[in-house]
Amino acid sequence: MRSEPRKIVVTGPFGAGKTTFATTLTDGLGGGTLVTTETGVSDETAALKTSTTVALDHTSVVVPAGPASAWPDTPVNLFGTPGQERFSFMWDLLARNMHAYLVLVDASRSASIAQAAGIVSAFARLAPACPRLVAVSRWPDPAGTRGQLAHLLGTTPSALVACDPRDLGQCTAVLRLLLDGVHTLESRRAQAATEGAHP
Ligand SMILES: Nc1nc2c(ncn2[C@@H]2O[C@H](COP(=O)(O)OP(=O)(O)O)[C@@H](O)[C@H]2O)c(=O)[nH]1
Ligand SMILES: [Mg+2]
């Protein structure tokens with residue numbers, strides 16, 4: 001049995017690993033084709049990478065239910081946003097009708113953390129009730145720095161999850177956590193609707 005498709009948005013600063021995340025899942029889970037629009041970098045980011053996402057990444061994959069999942073195998077439409085602030089008008093468009101979102105951050109660069117904090121608060125305003133996680137790459141000491149990093153990002157420590165976007169198991173685990181959040185929210189809403197119908 002399969003669930004209906006869900007839309008998940010992957011956002012975060014340039015170089016955080018959004019395209020890598022989408023590529024790892026596409027290669028590892030199958031079920032879709034990655035469409036990515038990379039172009040030459042023309043600004044201050046050129047020293048970090050030679051290409052960046054200006055429009056969006058898209059892939060569709062089927063997330064297999066885990067042993068503890070309360071949901072069946074679930075097709076996911078994954079949209080990666082442009083990383084740079086000057087493309088932030090795209091965030092609003094991509095966030096429409098999403099079921100959950102992920103903010104990726106590279107913990108080894110303070111600039112990435114500062115930019116991610118802006119994205120965390122922008123998305124919290126756009127979608128306050130939406131299940132979300134912050135996936136942290138290049139994070140050597142999660143136990144020792146979780147509270148401090150959460151504070152810098154303006155989010156709760158429990159929202160942070162370590163994730164190397166090159167690792168299929170870790171990327172899949174992050175999607176499963178997001179789908180757990182989607183399922184919990186939908187169950188709560190269905191329960192509230194039932195109670196509303198039968199007071
Ligand atoms: N060593 C290491 N490299 C990483 C990690 N996360 C991402 N990368 C690399 O950092 C780069 C991120 O680039 P990309 O996915 O294009 O970032 P985007 O701008 O967010 O789409 C890629 O070359 C990844 O292989 C990590 O946890 N460890
Ligand atoms: Mg990219």
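1. Read from the N terminus, the protein chain runs β-α-β-β-β-α-β-α-β-α-β-α. That pattern holds five helices and seven strands. The model is a predicted one. Of the 199 residues in the protein chain, 35% count as buried. Among contacts in the protein chain with a separation of 6 or more, 71% join residues 24 or more positions apart.

2. Strand 6 deserves a separate comment. Six of its six residues are buried, and strand 6 is mostly covered. In a regular strand, side chains alternate between the two faces of the sheet. Arg 132, Val 134 and Val 136 point one way from strand 6, while Leu 133, Ala 135 and Ser 137 point the other way, and all are buried. The list of buried residues thus includes Arg 132 and Ser 137.

3. Strand 6 pairs with strand 5 in the parallel sense, over six bridges. One pair to check on the structure is Asp 106 with its bridge partner in strand 6, Ser 137. Ser 137 is also one of the residues that come nearest to ligand 1.

4. On the nonpolar core: the largest one has 41 residues. The residues with the most contacts inside this core are Ile 8, Val 10, Leu 102, Val 103, Val 105, Val 134 and Leu 178. Val 103 can serve as an example. Leaving aside neighbours within four places in sequence, Val 103 is in contact with Thr 11, Gly 12, Ala 116, Ile 119, Val 120, Phe 123 and Val 134. Val 134, a partner of Val 103 in that list, is one of the buried residues of strand 6.

5. The surroundings of ligand 1 comprise 16 residues, of which Gly 17, Lys 18, Thr 19, Thr 20 and Ser 137 come nearest. Two elements, helix 1 (18–29) and strand 3 (51–63), each give two or more residues to this shell. Helix 1 supplies the largest share, three residues. Sorted by class, the shell has nine polar, four charged and three nonpolar residues.

6. Helix 5 covers residues 168–197, and its length can be checked. At 1.5 Å a residue, its 30 residues should span 44 Å; the end C-alpha atoms are 43 Å apart, so the two values agree. The buried residues of helix 5 are Cys 171, Val 174, Leu 175, Leu 178, Leu 179 and Val 182. Of these, Leu 178 is also among the residues with the most contacts inside the largest nonpolar core.

7. Two backbone angles should be looked at. Most residues other than glycine have a negative phi. Asn 97 has a positive phi, near 65 degrees, and lies in the loop between helix 2 (89–95) and strand 5 (100–106). Asn 97 counts as exposed because it has 8 C-beta neighbours inside 10 Å, and the limit for that class is 12 or fewer. The phi of Arg 138 is positive as well, near 50 degrees. Arg 138 sits in the loop between strand 6 (132–137) and helix 4 (142–153). With 14 C-beta neighbours inside 10 Å, Arg 138 counts as partly exposed.

8. A last point concerns Gly 30, in the loop between helix 1 and strand 2 (35–40). Gly 30 is exposed, since 10 other C-beta atoms lie within 10 Å. Its C-alpha atom is separated by 8.2 Å from that of Ser 60, although the two residues are 30 residues apart along the chain.

Terms used
Residues numbered from 1 in each chain as written. Chains lettered and ligands numbered in written order. Predicted model: local features only at pLDDT ≥ 70, side-chain atom pairs only at ≥ 80, totals over all residues. Helix = DSSP H or I, 4+ residues; strand = E, 2+ residues; numbered from the N terminus. Expected span 1.5 Å × (residues − 1). Buried ≥ 20, exposed ≤ 12 C-beta atoms within 10 Å, placed from the backbone. Near = placed C-beta within 6 Å. Nonpolar A, V, L, I, M, F, W, Y, C, P; charged D, E, K, R; others polar. Core = buried A, V, L, I, M, F, W, Y, C linked by C-beta atoms within 7 Å. Contact = placed C-beta atoms within 7 Å. Pairing = 2+ DSSP bridges.
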